[in-house]
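Me: Please take a close look at one part of this model. I would like the charged side chains in context, and then a strand for comparison of setting.

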Number of protein chains: 6
Amino acid sequence: MTGVRDVLVLAPHPDDEVIGCGGSIAAHAANGARVTVVVVVERERSGFDDDVTDEEFAQETADACAVLGVSRCVRLDEPSRDLRSSRRLHLDVVRALRETRPQVVYLPHDNDDDVEHRAVHRLGVEALWMAQSSFFGEAGEPMSAPELVLGYEVWSPLARFQHVRDIGEHLEAKVAAMGCYRSQLAHARWDEGVRGLASYRGVLTSGGGHAEVFQVLQVAARG
Amino acid sequence: MTGVRDVLVLAPHPDDEVIGCGGSIAAHAANGARVTVVVVVERERSGFDDDVTDEEFAQETADACAVLGVSRCVRLDEPSRDLRSSRRLHLDVVRALRETRPQVVYLPHDNDDDVEHRAVHRLGVEALWMAQSSFFGEAGEPMSAPELVLGYEVWSPLARFQHVRDIGEHLEAKVAAMGCYRSQLAHARWDEGVRGLASYRGVLTSGGGHAEVFQVLQVAARG
Amino acid sequence: MTGVRDVLVLAPHPDDEVIGCGGSIAAHAANGARVTVVVVVERERSGFDDDVTDEEFAQETADACAVLGVSRCVRLDEPSRDLRSSRRLHLDVVRALRETRPQVVYLPHDNDDDVEHRAVHRLGVEALWMAQSSFFGEAGEPMSAPELVLGYEVWSPLARFQHVRDIGEHLEAKVAAMGCYRSQLAHARWDEGVRGLASYRGVLTSGGGHAEVFQVLQVAARG
Amino acid sequence: MTGVRDVLVLAPHPDDEVIGCGGSIAAHAANGARVTVVVVVERERSGFDDDVTDEEFAQETADACAVLGVSRCVRLDEPSRDLRSSRRLHLDVVRALRETRPQVVYLPHDNDDDVEHRAVHRLGVEALWMAQSSFFGEAGEPMSAPELVLGYEVWSPLARFQHVRDIGEHLEAKVAAMGCYRSQLAHARWDEGVRGLASYRGVLTSGGGHAEVFQVLQVAARG
Amino acid sequence: MTGVRDVLVLAPHPDDEVIGCGGSIAAHAANGARVTVVVVVERERSGFDDDVTDEEFAQETADACAVLGVSRCVRLDEPSRDLRSSRRLHLDVVRALRETRPQVVYLPHDNDDDVEHRAVHRLGVEALWMAQSSFFGEAGEPMSAPELVLGYEVWSPLARFQHVRDIGEHLEAKVAAMGCYRSQLAHARWDEGVRGLASYRGVLTSGGGHAEVFQVLQVAARG
Amino acid sequence: MTGVRDVLVLAPHPDDEVIGCGGSIAAHAANGARVTVVVVVERERSGFDDDVTDEEFAQETADACAVLGVSRCVRLDEPSRDLRSSRRLHLDVVRALRETRPQVVYLPHDNDDDVEHRAVHRLGVEALWMAQSSFFGEAGEPMSAPELVLGYEVWSPLARFQHVRDIGEHLEAKVAAMGCYRSQLAHARWDEGVRGLASYRGVLTSGGGHAEVFQVLQVAARG
């Protein structure tokens, strides 16, 4: 996809951006687009990973972003399992959108099987509307409509999808970015999981290869 | 799963039984169960595969069944794209059920993205009810309720599932069975697709390995 | 929308193409695209309009098409209230798609409150898949994927939509095309109805003017 | 509709009562009913309308109510984008219901495309149940069931509806009431939008004229 | 409910009219209304009830109708498990509606867990629209809109309902009518089942007694 | 159901455990299982039942538990109508689960017609996932997956269900347990209501007798 200058990805937790649309991020970056990732929820603090410092944890996201060619990563550090919808949080996302002024936006699809993913879907859809309205001046100047807003799949694969992207050239970058999340791989081999899902999606849509599929939330008329 | 003597799999087309539950079939067979596969729709006749004879086409299913350890394969040969719900077709499935008297039944889940898969789901659910009723004596004696009725995924992965089976030991059998469908692989590399989906499902449910997931349509109380 | 050479509109009955996407059709034609309209169901024959001959009735559609700039109108003449899904009917639509090879396709959305509209939605979605597959050679050579497949609203306005087109410049053509359906206007003033809906949609999406809104069923990656 | 003495309209924001059921309000008032409007959310405070004072803003609602013949307007002044479900808020609505003891109640329908509209729908349904129960004495005496509870459409027109009201005689009052919301019209011409939607609904349901359509949430047996 | 002169009940099979709305039928009849029952599907012919003759079977319905005070019973005798939607069948129902010109109509609700119940729901909704249109003159003169169209529950109780009728005075008539279906009671004690469901519905809606609950499909404005 | 050692029932309010699954609780206890009931919401405090002391109110639950054979009752005392999802509340349920380590879990089904029932459904599903994960060590050691997780019906009977339990032997215990909720029976005769629903479910599923039906949320593979 050429001609795209700015992309924004809204991720509930670190690594959702890789699982959901890592191949597409790498493709955008390879085509010269600036990609901004906004991570909503802070690190889960339940005493499990005591041997991973906060610095090491943050470095994982930074490494994954570097592998994919992400230009900027914004952390909103909302509390895990205490995520609340609020005006303040909506304005944080509106501000990120208005600063970025993206042509393409990615967020979790509307039915993902994780309560925080669905909350971030609703947050993103609402913030997109707010960012385009003439209100909410405290969060910057109104932006125009993105050309494409897409919902990605993490915990619940989509039963129906309206957009497919071949990620054959960027599969290894996606898997390598996943591999940067070392503390996460200790629990689950998502590096293998993303490869598997991409293969299934490739066979389903093109008879082979690797793909990411998306729910289309908005597509603009083309000039 | 031990203690299961008879299993029935309802497949819209040849190869759906492998994609949807090939690993589970192999596991049942390995545990000594007799597995019956009922294929509803006949070969698509659009002149595409002129170089594959009907005998060669039928042999693909036979080979796949042999790899998985299927005991019996029943073909109903309903016309492709002209599949109609009818009393006659329902009774055909009732008869297969009453002959088999299965403890476990597999059929497509209720929202698969193929019109004939959804039709076969409805056919199976209806026939299960009919087979247990005291009516329809022309199709055999009433059978008792299966212990487990499961919906499998082919074209639309399930957004929510209620049952998981680890197929790590039977993955290669599943892939090999898929490989028997040579005329199908010429169009789409489903052998790679089933491996990918099983890997994604394994990571999602157990942090690694390979799994099949199912919609639960009925589970009996255990004695 | 420039760069579009061919458009196909699937209409259950004459006049649905005007109500659902008449403004968009006029816009496509004004931009130089060839537009093909496929009408699925034949004239309702219940003795009501005895004073309108079949020739007069057919002329209404021809007149509306001329107003909008439609290049070609195909009539499938399926029986009203006896519409059946069949292989033959699917192949008729596949043939029209493969002859047209459209970049943009319009059909009724998936939840319109008319049983024949929903049947034509399913018919169109299925035929689109068939037309792109390598099977069904008796209905022509496989076509490539359209860039955009859209569902339009007639009896049930969309609760959510993913695409908007400003039809301000083509509103009067749409209303005039509606006016060609003289025997229909005798029952219901759809010329006023389409103006009203377009105004509501314009206010909702742009604060004023006139618009048509659509369900997005497929959008291709852009080169 | 004669014989109705009291009507209550629950509106998320000022002007929703006009868009959703302004024609019906005018009809009730013309028939002698007392109409109470309860507005839930306070004025959006994002610095946009600096040149409109709070007094001017409040006057718009008062003017619109006067045009429609509303007897009483209650403002709950909940914070915009920070609306929270709470016992206190539910009791505020229960109190308004028990004071009014309406035969007809209007609230947003259950699927309107605005997060605060859906929240107010749930609030209204819950408060209706609470108001009829023998609990919650701190908010007044239990009221009896309304004869009719209706969901109105604003952002998402209804895909299916169960009740239609011809508002031909009251259309101009509805449009004039909309015109009172001067600061709102500066953003979007809802005066034109409500006329358009009413025309579309009239054609759809009666072949012409103007109508409002509703989701039926409760209808009492008639004596 | 007084002032109702004519009622039409659409039943998929004999006894559905009793289970779904037998108490309401008795109430209508007690208030002087003429009630017409239209049974769509003929007797299931699977050799089960050889000792019940067709005359005896038909007499069961006649007896149940007599108990409830039904004025007229129309049998359409569509084939069981081979029920097809067709123009001819729709016109049969249109004709019954236009002959009856009912103020209140009952049909199965839209999600009952029986494929023929859902088919008869769609048939009824479509036929109601057709009966009110100015087309289809071969099936009689257009009728005006009923005041109330209600969906009743048989196999799937309603998760949400919009109308309740207290049937305390008519419960015994309902149970007695159910008792007339002797060949059916030999399989399932629906006489106890209807009493149980009515008790649950009474407690849920009024704290005790017996009730029938309904999905509201249409309610007319009252003069 | 033999072989079950521990059962956990999550109830929004006192008495939901009886209405939803009281017969199954009695059956589990009769088979030797320890049953833990977790009640989430505290007593409604609206001044209604001034003549019932808190001690008397608490005794009702204790009595009902004693009748059914419940081993332990945990009260979380969340505020009524102010129930909020929070990390703290989730951990409270995780702790109860990890202490109990149940083979069978009961919670309200996903669509019950009460906002607090749906909130407790989501709470339970989330807590089940958390309790099995290796995180959240502050709430105990990870537990293994239950064999069966079931959703029960209170305010909205299930339109589809996947599990049935014959409660014929335990019906009187269920009714007697309901009778212990004396302050509740003063408002609504739920003792009659549960008998009625169980009779309807028995006839529907077995042709007679009494049953409880459930939504299956998870069923483990059997060894």
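What follows is a request about one residue, and one connected reply.

Me: Start with D112(D). Where in chain D does D112(D) sit, and which residues is D112(D) in contact with, leaving aside its neighbours within four places in sequence? Then go on to salt bridges elsewhere, and finish with strand 1 of chain B.

Reply: A caution before the details. This is a predicted model.

D112(D) lies in a loop of chain D. Strand 4 (104-108) comes before that loop, and helix 4 (115-132) follows. D112(D) is buried, yet has no salt bridge. The nearest side chain of opposite charge belongs to R160(C), 6.3 Å away. A salt bridge needs the nitrogen and the carboxyl oxygen within 4 Å, so that distance does not qualify. The side chain of D112(D) does reach a backbone atom: the nitrogen of S156(D), at 2.5 Å. Setting aside neighbours within four places in sequence, D112(D) is in contact with H117(D), R118(D), V154(D), W155(D) and S156(D). R160(C), from chain C, is also in contact with D112(D).

Now the salt bridges. Side chains of opposite charge can pair when their charged atoms come close. Over all chains, the structure holds 90 salt bridges.

Take chain C. E172(C) and R195(C) meet through their side chains in a salt bridge, 3.0 Å from N to O. The pair links distant parts of the chain, 23 residues apart. E172(C) is in helix 5 (residues 171-180), and R195(C) is in helix 7 (residues 190-206). E172(C) counts as partly exposed, because its relative accessibility is 47%. R195(C) is partly exposed too, at 33%.

Chain E supplies a buried pair. K174(E) forms a salt bridge with E212(E), and the closest N and O atoms are 2.7 Å apart. This pair also links distant parts of its chain: K174(E) in helix 5 (residues 171-180) and E212(E) in strand 7 (residues 211-219), 38 residues apart. K174(E) counts as buried, because its relative accessibility is 3%. E212(E) counts as buried as well, at 4%.

Chain F has a pair within one helix. The side chains of R95(F) and D92(F) meet in a salt bridge at 3.2 Å, N to O. Both lie in helix 3 (residues 87-100) of chain F. They are three residues apart, about one turn of the helix. R95(F) is partly exposed, with a relative accessible area of 31%.

In chain A, a network of salt bridges links E78(A), R88(A), D92(A) and R95(A).

Last, strand 1 (residues 6-11) of chain B. The strand is mostly covered: six of its six residues are buried. In a regular strand the side chains alternate between the two faces of the sheet. Here D6(B), L8(B) and L10(B) point one way. V7(B), V9(B) and A11(B) point the other way. Residues in both sets are buried.

Strand 1 of chain B has two parallel pairings to describe. With strand 2 (residues 34-41) of chain B, the pairing runs over six bridges. There, V38(B) is the bridge partner of L10(B). With strand 4 (residues 104-108) of chain B, the pairing runs over three bridges. V105(B) in strand 4 is the bridge partner of L8(B). L8(B) and L10(B) point one way from strand 1.

A helix completes the picture. Strand 1, helix 1 (residues 16-30) and strand 2 of chain B make a right-handed β-α-β unit.

How values were computed
Residues are numbered from 1 along each chain as its sequence is written. Chains are lettered from A and ligands numbered from 1 in the order in which they are written. This is a predicted model: local features need pLDDT of at least 70, side-chain atom pairs count only at pLDDT 80 or more; totals for chains, interfaces and linings use all residues. Side-chain values use heavy atoms; hydrogens and water are left out. Helices (H or I, at least four residues) and strands (E, at least two) are DSSP runs, numbered from the N terminus. Buried means under 20% relative accessible area, exposed over 50%, partly exposed in between (1.4 Å probe, protein chains only). Lys and Arg count as positive and Asp and Glu as negative; His and the chain ends are not counted. A polar contact is a pair of N or O atoms within 3.5 Å; within protein, one must be able to donate a hydrogen and the other to accept it, and residues adjacent in sequence count only if both atoms are side-chain atoms. Contact means heavy atoms within 4.5 Å. Two strands pair if DSSP finds at least two bridges between them. A crossover is right-handed if, with the strands pointing away from the viewer, the path from the first strand over the helix to the second runs clockwise.
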